[in-house]
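Trainee: I should like to examine this model with you, beginning with its ligand. May we go through it question by question?

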Amino acid sequence: MTILVTGSRGRVGTTLIGLLHEQGFTVRAASGDPDELVLPDGVPDVKLSLAEPHTFPDALAGVDSVFLYANPSHIEEFIKIANDAGVQHVVLLSSSAVLSPDAKNDPIARQHLEVEDALASSALPCTFLRPSAFASNAFYWSWQLKTTGTVSLPYPGAHTDAIHEADIAEAAVAVLKDPALRGGAYTLTGAESFTFAEQIDVLARATGRPFAVDAITPEVWKAEMADHVPAAFADGLLAYWRSRDGNPVDLTTGVDELTGHPARPFAVWAAENAAAFVQ
Ligand SMILES: NC(=O)c1ccc[n+]([C@@H]2O[C@H](COP(=O)([O-])OP(=O)(O)OC[C@H]3O[C@@H](n4cnc5c(N)ncnc54)[C@H](OP(=O)(O)O)[C@@H]3O)[C@@H](O)[C@H]2O)c1
C-alpha cells in the first residue's frame, strides 16, 4: 500500500511520515517545495502543491491512500485525479472549527468545510480528522517570549486545549491502517482545557523563565498582526477567542479511541519544545 502524505513540511505531516515509515508502510512525501524536506532514508518525495492542479497526476499515480491537508482551491480536480489514479481512501486533516454553527461564515472553518463537503459528496472513501487548536500554535509566541518574556494577547482568558501534533499523526496512522475506522469523522482534542494565560504558565515552568502576559485590545492585536494574518482570518480568530473567553473546551475521547492512549498533556509538548522559547 502506497500512502501519499501532503503537507510534508508541516508538523503533522512530518511526524506522520516518520511513523508510517517506522511501521513499514510505503510512504511518498508530497510538498509544495520538496527541496526543503528532510525525510527518513528511503522515503521518496514528490512535488505537490494543492494550489497547482498540474502537480496532481504525478503525485497521485500509483497511490492507494492520501493524507490530505484542507485546501479547497482545486479540490474538485484533486478528487477527479485521485479517483482516476485508483485512490482508495483519503484521510483529511480537517478542523473542529467545522462543528461551529457559524462555520460557513468563518474563513478558517469554511476552508475545511468546503473540502469535507466536496469529499463527502464524491465517490472517494474518506475519513475526517477534526483536531482542535494545535499545541504547536504556541510557536507563534516564541519570539516574544524569547526576547521580552512577555506575550501580548487579546483574550488571555480564552480557553484552548492544545493538541500535540504526535497525537494527530498517531490518529492518522490508526485510520490509515484499520479499515474498520475508515469513513468516520473524529473530533480530536488535547488532554486539558486551560486558558492561554495558564498555557503560558506551563511554558514558564518548562523553561524555568518567569513568562508574563500583557492583555491588549483586539484592535491592537489585529494591527500588530496585519503583516502576517489576513484581516478576514484575524477577525475569525478574534471571534473564536472571544467565544472561548472563560469558556472551557469540551474535551473528546477521540485520541484515546484511535491511538489507545490518552491525549498528551501540553506539559509534554512544552518540555519537548522548551528550547524554542529561550535565547
Ligand atoms: N494550527 C491549528 O490550530 C489547526 C487546527 C485545526 C486544523 N488545522 C489545519 O492543520 C493544517 C496544518 O496546520 P499548521 O498551522 O500546523 O501548519 P503546518 O503543520 O506548519 O503546515 C503548513 C503547511 O503549509 C505548507 N508550507 C508552505 N510554506 C511552508 C514553510 N515555509 N514551512 C513549512 N511549511 C510550509 C506546507 O505544506 P507543503 O510541504 O505541502 O508545501 C505545510 O505542511 C492546516 O490545514 C490547518 O488548517 C490547524
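Trainee: How far is an oxygen atom of the ligand from a polar backbone atom of R11?

Mentor: In this predicted model, such pairs fall under the term polar contact: N or O atoms within 3.5 Å, where within protein one must be able to donate a hydrogen and the other to accept it, and residues adjacent in sequence count only if both atoms are side-chain atoms. For the backbone of R11, the distance to a ligand oxygen is 3.0 Å.

Trainee: On what basis are such values obtained?

Mentor: Because the model is predicted, local features need pLDDT of at least 70 and side-chain atom pairs count only at pLDDT 80 or more, whereas totals for chains, interfaces and linings use all residues. Residues are numbered from 1 along each chain as its sequence is written, and side-chain values use heavy atoms, without hydrogens and water.

Trainee: Which residue has a polar side-chain atom 2.8 Å from an oxygen atom of the ligand, and how much of the ligand's accessible area does the protein cover?

Mentor: A polar backbone atom of G32 is 2.8 Å from a ligand oxygen, but the residue with the side-chain atom is N137. Accessible areas come from the Shrake-Rupley method with a 1.4 Å probe, and for residues only the protein chains shown count as cover. Of the 880 Å² that the ligand has accessible on its own, the protein covers 67%.

Trainee: How many residues surround the ligand?

Mentor: A residue is near the ligand if one of its heavy atoms lies within 4 Å of it. The closest are R9, S31, G32, H112 and N137, and the total is 19.

Trainee: Which residue of the salt bridge with R130 lies in a helix?

Mentor: A salt bridge requires a side-chain nitrogen of Lys or Arg within 4 Å of a carboxyl oxygen of Asp or Glu, and the whole structure holds 8 of them. In one, the side chains of R130 and E116 meet at 2.7 Å, N to O. Helices (H or I, at least four residues) and strands (E, at least two) are DSSP runs numbered from the N terminus. R130 belongs to strand β6 (residues 126–131), so the pair ties together parts 14 residues apart in sequence, and the partner in helix α4 (residues 107–120) is E116.

Trainee: Where does D167, a partner of R264, lie?

Mentor: R264 forms a salt bridge with D167, their closest N and O atoms being 2.5 Å apart. R264 sits in the loop between α10 (254–259) and α11 (266–273), so the pair ties together parts 97 residues apart in sequence, and D167 lies in helix α6 (residues 165–177).

Trainee: Is R264 buried, partly exposed or exposed?

Mentor: Buried means under 20% relative accessible area, exposed over 50% and partly exposed in between, with a 1.4 Å probe and protein chains only. D167 counts as buried because its relative accessibility is 0%. R264 has a relative accessible area of 21%, so R264 is partly exposed.

Trainee: Which residues do salt bridges with shared partners join into one network?

Mentor: R264 also forms a salt bridge with E170, at 2.8 Å between the closest N and O atoms. The shared partners place three residues in one network: D167, E170 and R264.

Trainee: What is the angle between the planes of W221 and W241?

Mentor: Rings of Phe, Tyr and Trp (its six-membered ring) pair if their centres lie within 6.5 Å; planes under 30 degrees apart count as stacked, over 60 as edge-to-face and the rest as tilted. This rule yields 10 aromatic pairs. The pair of W221 and W241 is edge-to-face, with 5.0 Å between the centres and a plane angle of 75°.

Trainee: F196 is found in helix α7; what is its relative accessible area?

Mentor: Contact means heavy atoms within 4.5 Å, and, leaving aside neighbours within four places in sequence, F196 is in contact with several residues, including W141, P156 and W241. The C-alpha atoms of F196 and P156 are separated by 5.1 Å. F196 is buried because its relative accessible area is 11%.

Trainee: With which side chain does the side chain of H159 make a polar contact?

Mentor: H159 is found in strand β8 (residues 159–160) and is buried, at 13% relative accessible area. At 2.8 Å, the side chain in polar contact with that of H159 belongs to S193.

Trainee: Which phi does A162 have?

Mentor: A162 lies in the loop between β8 and α6 and is buried, with a relative accessible area of 1%. Although A162 is not a glycine, its phi is positive, at about 50°.
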